[in-house]
Amino acid sequence: DTLDGRLLHRVDVSFGNINRQGANSAGLPSFDNTGNRSKVAYRGSYAIDGGPVAAANHVVTFAADYEYLTFVNNVPALVFAPNQLIEQTREQTGLVVEYQGRFEYGFAVQGSLRHDFNDNFEDFTTYALGLSYMFPNQVTRVRASYGTGVQHPTLVEQFGFSNNFVPNPNLQPEQSEGWDFGIEQQVMGGRGVIDLTYFNQVVTDEITAVFTPVTFIGTPINQIGESDRQGIELAARMALTDRLDVALNHTWLEAENPNGTNEVRRPENETLLQVGYRMPNERTRFNVELQHVSGLFDSDFTALSAGARQIKLSDYTLLHLGLTHDVTDTVRIYANV
């Protein structure tokens, strides 16, 4: 916090080490690998119009991050060639600039630009733009956004081996562009909000797995063509009383592979109902969640198909009961079923 809050700095440093071991259905080792991840990031936010960043109408942010990844297969007997025991590394440096602005008459804008320097892939530039407008009634807001993105394959997908998985070191990053349009409406004098959004996304070079029917060995590949996704999200949340609140979310999704088949593990419909109640003691809260999922497809992993065809899974419903209690102002206990 510098310049009386007009310039904020944040530095994040993180390290991670993951050791993975697995066994097949006979109890024999199937994979053994180790990965490390180190990342350092800086973000500086400056209030253009003076005053603290939190209260500013115009803020520009500059950021930079550096990430270093390593991956190695540990056991010679679990790989297919000696060169698969060589440690693999990946480096990425990113530079970001972002602007957020609130203007008169209810307009707001947010724009960002990011450039990534990669050692194993080509460099990428991605960007995003968001606009919103609050009507003079102060209860209705419309918004829209457009953006691009990049998702790298994991080092496991590129170099990890097991007795039924062969990696693909030639995988390329997935690329996407998408847009959305939505409207928000406050109800009950501001105690509730109803939000309706349409979204559309196109993914190229999407990573998926293919399987050899005889050996049942899976390999990740980049799909040729475009994967199309579109959907509608409806969300509503309301404070019925000072102690009782409810929220309802529903998502309809149409997600297709380039060949027109359904994308697996992306349900067509997902509904979530949440109810929360805070006890008069002001320290105990009960939560109930009811989630229903339908229209879910997955690959058929039976012997005859070996993942080549799809099957529709049964619809299902999850019930979640939760309780939290603040023992003191700094200690909380919780229970979930």
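**Strand pairing, salt bridges and surface of a predicted model**

Arg237 stands opposite Ala247 in strand β13. The structure discussed here is a predicted model.

Reader: What makes β12 and β13 a pair of strands?
Author: Two strands count as paired when at least two bridges are found between them. Strand β12 (residues 226–239) and strand β13 (residues 244–256) have twelve bridges, in the antiparallel sense, so the requirement of at least two is met. A hairpin of four residues joins β12 to β13.

Reader: How do you know that β13 also pairs with β14?
Author: The cut-off is again at least two bridges, and nine bridges join β13 to strand β14 (residues 269–278). These strands run antiparallel, and Asn249 stands opposite Leu272 in β14.

Reader: Why is the contact of Arg141 with Glu184 called a salt bridge?
Author: A salt bridge requires a side-chain nitrogen of Lys or Arg within 4 Å of a carboxyl oxygen of Asp or Glu. The N to O distance between the side chains of Arg141 and Glu184 is 2.7 Å, so the pair satisfies the cut-off of 4 Å. Arg141 lies in strand β7 (residues 140–151) and Glu184 in strand β8 (residues 174–187), 43 residues apart. Arg141, Arg143, Glu184 and Asp195 are linked in a network of salt bridges.

Reader: Why is Glu184 assigned to its accessibility class?
Author: Buried means under 20% relative accessible area. Glu184 has 19% relative accessibility and therefore counts as buried. Arg141, at 24% relative accessibility, counts as partly exposed.

Reader: What makes Asp242 and Arg191 a salt bridge?
Author: The closest N and O atoms of Asp242 and Arg191 are 3.8 Å apart, and the cut-off is within 4 Å, so the pair qualifies. Asp242 lies in the loop between β12 and β13, while Arg191 lies in the loop between β8 and β9 (192–204), so the pair ties together parts that are 51 residues apart in sequence.

Reader: Why do Asp242 and Arg191 receive their accessibility classes?
Author: The exposed class begins over 50%. Asp242, at 63% relative accessibility, therefore counts as exposed. Arg191 has a relative accessible area of 34% and is therefore partly exposed.

Reader: How do you know that Glu282 and Arg243 form a salt bridge?
Author: Their side chains meet at 2.9 Å, N to O, so the condition of within 4 Å is fulfilled. Glu282 is in the loop between β14 and β15 and Arg243 in the loop between β12 and β13, so parts that are 39 residues apart in sequence are tied together. Glu282, at 43% relative accessibility, counts as partly exposed, and Arg243 is partly exposed with a relative accessible area of 23%. A search of the whole structure finds 19 salt bridges.

Reader: What makes Leu273 eligible for the nonpolar patch?
Author: Patch residues must have over 30% relative accessible area. Leu273, found in strand β14, has 36% relative accessibility and so counts as partly exposed. The nonpolar patch on the surface includes Leu273, Leu248 and Val275, and its residues together have about 670 Å² of accessible area. β14, β15 (284–294) and β18 (316–326) each supply at least two residues of the patch.

Reader: What makes up the lining of the largest pocket?
Author: The largest pocket holds about 680 Å³ of space. It is lined by 28 residues, of which Thr208, Ala209, Asn257, Val264 and Ser299 are the closest to its centre. The elements giving two or more residues to this lining are β10 (207–211) and β11 (218–222). With five residues, β10 gives the most.

Terms used: Residues numbered from 1 in each chain as written. Predicted model: local features only at pLDDT ≥ 70, side-chain atom pairs only at ≥ 80, totals over all residues. Heavy atoms only, no water. Patch = residues over 30% accessible without salt bridge, like charges linked within 9 Å, V, L, I, M, F, W, Y side chains within 5 Å. Areas by Shrake-Rupley, 256 points an atom, 1.4 Å probe, with all protein chains shown as cover. Buried < 20%, exposed > 50% of the residue type's maximum accessible area, 1.4 Å probe, protein only. 1 Å grid on protein atoms, 1.4 Å probe; cavity = no way out; pocket = protein on both sides within 12 Å on 5 of 7 lines; lining within 4 Å. Points joined across faces, edges and corners; volume = space filled by probe spheres on them.
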